[in-house]
Amino acid sequence: MTEDYTYPAGEYILLGKITRAHGLRGEVKMLSYSGHPENVGGYREIVLVERSAKLSAPLAIVKSRVQGKTAIVQLASITTRTEAEAIEGRGVLLSKQYLPDA
């Protein structure tokens, strides 16, 4: 079930949300709303959105792997568990420019 986030829908699609920190080196668990967490590895960068509609700067995806129904994601600028915990609950946006051509 998707959550309510306010974001510029003309520029982004909502991929999922950060559910929790994973490990000590800044990885996070991401719930994919599409049901295909393996797709996360194909994206270069994401943008996070807070419930207040504040968007982060683009965050590069360093690596990802699938664990059950979630993706474990390492973002370039998130390197500690404390930083990962700070982004729990945020929505994950993908710029529409990175979508494959239909």
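A residue is taken as buried when its relative accessible area is under 20%, as exposed when that area is over 50%, and as partly exposed in between. Glu27, at 12% relative accessibility, therefore counts as buried. This assignment, like those that follow, refers to a predicted model.

The central feature of the model is a closed barrel of 6 strands, arranged in the order β1-β2-β5-β4-β3-β6 with antiparallel pairing. From one strand to the next, the twist averages 50°. Strands of a sheet pair through backbone hydrogen bonds, in either a parallel or an antiparallel sense. Strand β1, spanning residues 12-22, is joined by 6 bridges to strand β2, which comprises residues 27-32, and the two run antiparallel. Within this pairing, Gly16 has Ser32 of β2 as its bridge partner. Strand β1 is also connected to β6, again in the antiparallel sense, through 5 bridges. There, Lys17 lies opposite Gly91 of β6.

Strand β6 additionally pairs with strand β3 (residues 45-49), an antiparallel arrangement that involves 3 bridges. In this case Val49 is the residue that stands opposite Gly91 in β6. Gly91 is thus faced by Lys17 and by Val49.

The burial of β6 was examined next. Of the 5 residues in this strand (residues 91-95), 5 are buried, so β6 is largely enclosed by the rest of the structure. In a regular strand, side chains alternate between the two faces of the sheet. Both faces of β6 are covered, with Gly91, Leu93 and Ser95 buried on one side and Val92 and Leu94 buried on the other. Ser95, which belongs to strand β6, has a relative accessibility of 18% and counts as buried because the cut-off for that class is under 20%. When residues up to four places away in sequence are disregarded, Ser95 touches Glu11 and Tyr12.

Side chains of opposite charge can pair when their charged atoms come close. The model contains 3 salt bridges. One of them is formed by Glu27 and Arg65, whose closest N and O atoms are 2.8 Å apart. This pair links distant parts of the chain, since Glu27 is located in strand β2 and Arg65 in strand β4 (residues 59-67), 38 residues apart. The two partners fall into separate accessibility classes: Glu27 is buried at 12%, whereas Arg65, at 41% relative accessibility, is partly exposed.

A further salt bridge brings together the side chains of Glu50 and Arg90, with an N to O distance of 3.4 Å. This contact likewise connects distant parts of the chain, as Glu50 occupies the loop between β3 and β4 and Arg90 the loop between α1 (81-86) and β6, 40 residues apart. Glu50 is partly exposed, having a relative accessible area of 23%, and Arg90 is partly exposed with a value of 22%.

The salt bridge between Arg81 and Glu85 has its closest N and O atoms 3.1 Å apart. Both residues lie in helix α1, with a spacing of 4 residues, or about one turn of the helix. Arg81 is partly exposed at a relative accessible area of 27%, and Glu85 is assigned to the partly exposed class at 38% relative accessibility.

Definitions and conventions. Residues numbered from 1 in each chain as written. Predicted model: local features only at pLDDT ≥ 70, side-chain atom pairs only at ≥ 80, totals over all residues. Heavy atoms only, no water. Pairing = 2+ DSSP bridges. Axes fitted to C-alpha atoms, helices over the stretch in contact; angles between N-to-C directions. Buried < 20%, exposed > 50% of the residue type's maximum accessible area, 1.4 Å probe, protein only. Contact = heavy atoms within 4.5 Å. Salt bridge = Lys/Arg side-chain N within 4 Å of Asp/Glu carboxyl O.
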